[in-house]
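Got the viewer open and a hand on the mouse? Let's take a walk through this one, stop by stop, with something to select each time.

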Amino acid sequence: MPRLQQELVQIVANGGGLDLRVGFRSQQDLVQLAANARASGATIILRDVGTKATAELVQIAANAQGKVLFVIDD
């Protein structure tokens with residue numbers, strides 16, 4: 001069962017890194033995780049980002065400021 005967004009935010013806000021599949025997560029949820037990663041110093045790895053537009057990935061990256069890695073399988 002996937003973790004709730006608030007659980008993931010709590011983990012990241014306390015410095016825990018995550019390795020997530022984008023799946024059904026909203027853009028707003030991913031940006032929120034990215035911003036919390038930046039604030040805490042945690043790293044987030046996002047997989048299966050092929051469904052995201054480049055502009056969406058840029059928005060996530062801008063909020064993470066180096067604390068997010070995208071796995072892009074072309």
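## First stop: Q5

Select Q5 and show its surroundings: leaving aside residues up to four places away in sequence, Q5 touches R25, D29, Q32 and L33. One thing to keep in mind as you click around is that this is a predicted model. Q5 sits in helix α1. Is Q5 buried or exposed? Q5 counts as buried, because its relative accessibility is 15% and the cut-off for buried is under 20%.

## Next: L33 and the core

From Q5, hop over to its contact L33. Not counting residues up to four places away in sequence, L33 touches Q5, L8, V9, V12, L20 and I44. L33 is also one of the residues that touch the most other members in the largest nonpolar core, a set of 19 residues. Select the rest of that group too: V12, L20, I44, L46, I60 and V68. Which elements supply at least two residues each to this core? Colour α1 (5–13), β1, α2, β2 and α3 (54–64) and you have them. Of these, α2 gives the most, with five residues.

## The sheet

Now switch to a cartoon view. You should find an open sheet of three strands in the order β1-β2-β3, with parallel pairing. β1 and β3 (68–70) stand at the edges, each with a single partner strand, so one side of each has no neighbour in the sheet. Ignoring direction, neighbouring strands are turned by 20° against each other on average.

Zoom in on β1, residues 18–21, and show side chains. They alternate: L18 and L20 point to one face and are buried, whereas D19 and R21 point to the other and are not. Next door, β2 (residues 44–47) pairs with β1 in the parallel sense over four bridges. Pick L20 and look across to β2, where L46 stands opposite.

β2 has two faces of its own: I44 and L46 are on the covered one, I45 and R47 on the uncovered one. On its other pairing, β2 meets β3, again in the parallel sense, over three bridges.

## How the chain gets from strand to strand

Bring the helices back. Trace β1, helix α2 (residues 27–40) and β2, and you have a right-handed β-α-β unit. What does the chain pass through between β2 and β3? It crosses through α3, and this β-α-β crossover is right-handed as well. While you have α3 selected, note that this helix lies across β2 and β3, running at about 155° to β3.

## I45, in the middle strand

Go back to β2 and select I45, which belongs to that strand. Look to β1 and you'll see that I45 is the bridge partner of D19. Look to β3 and L69 stands opposite I45. How do the contacts add up around I45? Not counting residues up to four places away in sequence, I45 touches L18, D19, L20, L69 and V71. If you like distances, try the C-alpha atoms of I45 and V71: the two residues are 26 apart along the chain, and those atoms are separated by 7.2 Å. I45 is partly exposed, with a relative accessible area of 22%.

## Last stop: the salt bridges

How many salt bridges are there to find? The count comes to two.

For one of them, select R47 and D19, where the closest N and O atoms are 2.7 Å apart. R47 lies in strand β2 and D19 in strand β1, so this pair ties together parts that are 28 residues apart in sequence. R47 is partly exposed at 28% relative accessible area, and D19 is partly exposed too, at 44%.

For the other, select R21 and D48, with closest N and O atoms 3.0 Å apart. This pair links distant parts of the chain as well: R21 is in strand β1, D48 is in the loop between β2 and α3, and the two are 27 residues apart. Buried or exposed, which label does R21 get? R21 counts as exposed because its relative accessibility is 54% and the cut-off for exposed is over 50%. D48 is partly exposed, with a relative accessible area of 39%.

How values were computed:
Residues numbered from 1 in each chain as written. Predicted model: local features only at pLDDT ≥ 70, side-chain atom pairs only at ≥ 80, totals over all residues. Heavy atoms only, no water. Buried < 20%, exposed > 50% of the residue type's maximum accessible area, 1.4 Å probe, protein only. Pairing = 2+ DSSP bridges. Right-handed = clockwise from strand over helix to strand, strands pointing away. Contact = heavy atoms within 4.5 Å. Core = buried A, V, L, I, M, F, W, Y, C linked by side-chain atoms within 4.5 Å. Axes fitted to C-alpha atoms, helices over the stretch in contact; angles between N-to-C directions. Salt bridge = Lys/Arg side-chain N within 4 Å of Asp/Glu carboxyl O.
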